[in-house]
Structure formats: C-alpha cells, structure tokens
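Reader: I have a model open and want to read its features one by one. Where do we start?

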Amino acid sequence: MKLINMYVNGEARLGILTERGVIDTAAVNVQGLPTTMMEAVRMGREKALPLLSAAVDKADTYLDEGEISYAPAVDVPEKILCAGVNYRAHIEETEGSFTPAVSPTIFAKFRNTLAPHKGVVIRNRNSTKHDYEAEIAVVIGKRAAYITPAEAEDYIFGYTLANDVSARDLQKATTQWIPGKSCDTFCPLGPCVVTADELKYNQMHLTGYKNGELRQEGHSTDMIHDIPTLVSFLSGCLTLEPGDVILTGTPSGVILGRPEDQQDWLQPGDVITVREDTIGELTATIQDA
C-alpha cells in the first residue's frame, strides 16, 4: 500500500494512493482508521493495514494526485539516522576519502532538514559545494531494541526515498559530518511510504538525477551493510521508535566523486530527483537562502 503524508487545509493528513486517486482517510467512516501518517506508523502494520484496506473498499471520493500538497513522508520522526559510505562503488569514486568499516558508519540528521516531495532545498550560505545523494529510507514501525538481522523486517513499517543533500565543504571541515549534513531542508523525504508487505529490502532499484540527467544508479543488494543489518546494528546502540527514519546510503555518481573540473555543484534552479521503481519519484528544487 502506498501512503501519502499531505496537507489538507493546513493540517497534515494521511492519504492512500489508489488507481482512482488519493483517499483522504479523514473523510472515510471506518472506526479506528488512522488519519495521519504518524498514527498509522505508531499503530504498526498489523493493525493499520486492515483498517486502511477497509478505507479503500469504502471510499467514494478521491483527490487528484497531481494537486496534492505534500508533507515530508514522515514529518515528526524522533530520530533520523543515516548510514554513510554504504555502497562500495561510492567509496571507490571518492578516491579513498572513506573506507568501509566492519560496522556501519552512522551519522544523524534532524527534523529541521526535512522537506517534502516537490519542495525546495535551500542552499547554506556558508557553503559553495552542495551535493545530492539518492537514498532508500526505512521507516520503523515498532519499538526495537537489541533485535537480530533476522528479526529486523518485522520492525519495518515501510520504505520511502530520501535525498541526503550535503554541503561537502562543511562536511569536511571537521571529523564529524553533521555540520554538512544537517542544514535546513537537507533531507527531502517522499513521495510516499510503501508498506513493507509490498516491497522487499533486497529488491530495490535506485536512481538519482540532476536536471533530468541520470547521475546515480544502484541496487539495494549492492549495499555493504544490508537493511536488516543496519536496523539490527542501530537497535543495539539505541532504542528505535515508531516513525524513526533510517537513510541507508547512496550509490556512486555524486558530484564529489567527479573529476574536479566537472564538479558542477548544485545551483539555484537545479532539480534533483530520486527514483525507485516501486516507490516512485522524489523531486526537489535548489533555492538560495
């Protein structure tokens, strides 16, 4: 099932994407039906999916997908955790700047970074080297602590797309990456959440585009640390809560990995797009502060 976080009359509401259009769950009379994305996620797949399916059967009014005002796919996560350098080809293109580790390389973003599908990414005034990173993002569906990789899929509510926008000069200014990763609007998230019953962690084909030009391509099987491993590892460091988001790394093709004379850093008006065959497309436009 494809779930959309959208604004209706200025309020975040839960939409269900169907062939007929988008169902506003707040407009369907099903007892206990979640009306926001966070309500659905906190309810968990086992409880939410039967109610959402009932809403699809009962709905008689639909919104046009093209007219939706999108919110970030998950708008109030407690945590946004990110895996760095998790594709071997991405490590190779950066010419030894990063090395794979036995354990995942983890950093964080925060809620200020969130931006919606069809929204804007605002360039940081202290950076001249803005870059894109197409990523698959995991949405946690129930509290997870010390779980094994074999258990991890049961704790995933669904998947969405992210663009881990990065200010490379700020990222490299310290040994910690957060300054270059957590600038305002640096995490477009969307366009929808596909529930985990409809998409397998090892069957995702990911691409990234700059102004329509294919720049990145990878498959979830190319990850050094696969999604169950990432979820398990993080659950052993801190308790994961429903609605937490995990970015899983980017394939090769970032601007940082291009020859220096071809490093066309993001400029106002550039459109960056992330695509996965099942989830769809996440787009954002670059804008000056």
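Author: With a helix, and with a caution: this is a predicted model. Helix 2 covers residues 45–58. At 1.5 Å a residue, its 14 residues should span 20 Å, and the end C-alpha atoms are 20 Å apart, so the two agree.

Reader: Which residues of helix 2 are buried?

Author: Start with the general idea. An α-helix has 3.6 residues a turn, so residues three or four places apart point the same way. Now the case here. R45, A48, L49, L52 and A55 are the buried residues of helix 2. They cover an arc of only 120 degrees around the axis, which puts them on the same side of helix 2.

Reader: Which exposed residues does the face turned away from that buried side carry?

Author: E46, K47, P50 and D57.

Reader: And what covers the buried residues of helix 2?

Author: The cover includes several strands and a helix. Among them are strand 1 (2–8), strand 2 (11–18) and strand 3 (21–24). Helix 1 (37–43) also belongs to it, as do strand 11 (156–163) and strand 13 (187–195).

Reader: Let us turn to charges. How many salt bridges are there?

Author: The idea comes before the count. Side chains of opposite charge can pair when their charged atoms come close. With a cut-off of 4 Å between nitrogen and oxygen, the count here is 16 salt bridges.

Reader: Take R168. What is its partner, and how far apart are the closest N and O atoms?

Author: R168 pairs with D131, with the closest N and O atoms 2.9 Å apart. The pair links distant parts of the chain. R168 sits in helix 5 (residues 168–171), D131 in strand 9 (residues 130–131), and 37 residues separate them.

Reader: Are R168 and D131 buried or exposed?

Author: Buried means under 20% relative accessible area. R168 has 3% relative accessibility, so it counts as buried. D131 has 0%, so it counts as buried too.

Reader: Which residues are linked in a network of salt bridges?

Author: K109, D131, E133, D164, R168 and K181. So read R168 and D131 as members of that network.

Reader: What do R215 and R258 pair with?

Author: R215 forms a salt bridge with E213, the closest N and O atoms being 3.3 Å apart. R215 counts as buried, at 12% relative accessibility. E213 is partly exposed, at 41%. R258 meets D264 in a salt bridge of 3.7 Å, N to O. Here R258 is partly exposed at 23%, and D264 is partly exposed at 26%.

Reader: Now the rings. How many aromatic pairs are there?

Author: One. F107 and W177 form it, 5.4 Å centre to centre. Their planes are 55 degrees apart, and the pair is tilted. F107 is in strand 6 (residues 105–109). W177 is in the loop between helix 5 and helix 6 (178–181), 70 residues away. Both F107 and W177 are buried.

Reader: Which residue lies over the face of Y155?

Author: K142 does, at 4.9 Å from the ring centre.

Reader: One last residue, T273. Where is its place, and what does it touch?

Author: T273 is in strand 17 (residues 271–276). It counts as buried, at 10% relative accessibility. Leaving out residues up to four places away in sequence, T273 touches T207, G208, Y209, E281, L282 and T283.

Key
Residues are numbered from 1 along each chain as its sequence is written. This is a predicted model: local features need pLDDT of at least 70, side-chain atom pairs count only at pLDDT 80 or more; totals for chains, interfaces and linings use all residues. Side-chain values use heavy atoms; hydrogens and water are left out. Helices (H or I, at least four residues) and strands (E, at least two) are DSSP runs, numbered from the N terminus. The expected span of a helix is 1.5 Å times one less than its number of residues. Buried means under 20% relative accessible area, exposed over 50%, partly exposed in between (1.4 Å probe, protein chains only). The arc is that of the directions from the helix axis to the C-beta atoms. Contact means heavy atoms within 4.5 Å. A salt bridge is a side-chain nitrogen of Lys or Arg within 4 Å of a carboxyl oxygen of Asp or Glu. Rings of Phe, Tyr and Trp (its six-membered ring) pair if their centres lie within 6.5 Å; planes under 30 degrees apart count as stacked, over 60 as edge-to-face and the rest as tilted. A charge sits over a ring if NZ of Lys or CZ of Arg is within 6 Å of the ring centre and within 35 degrees of the ring normal.
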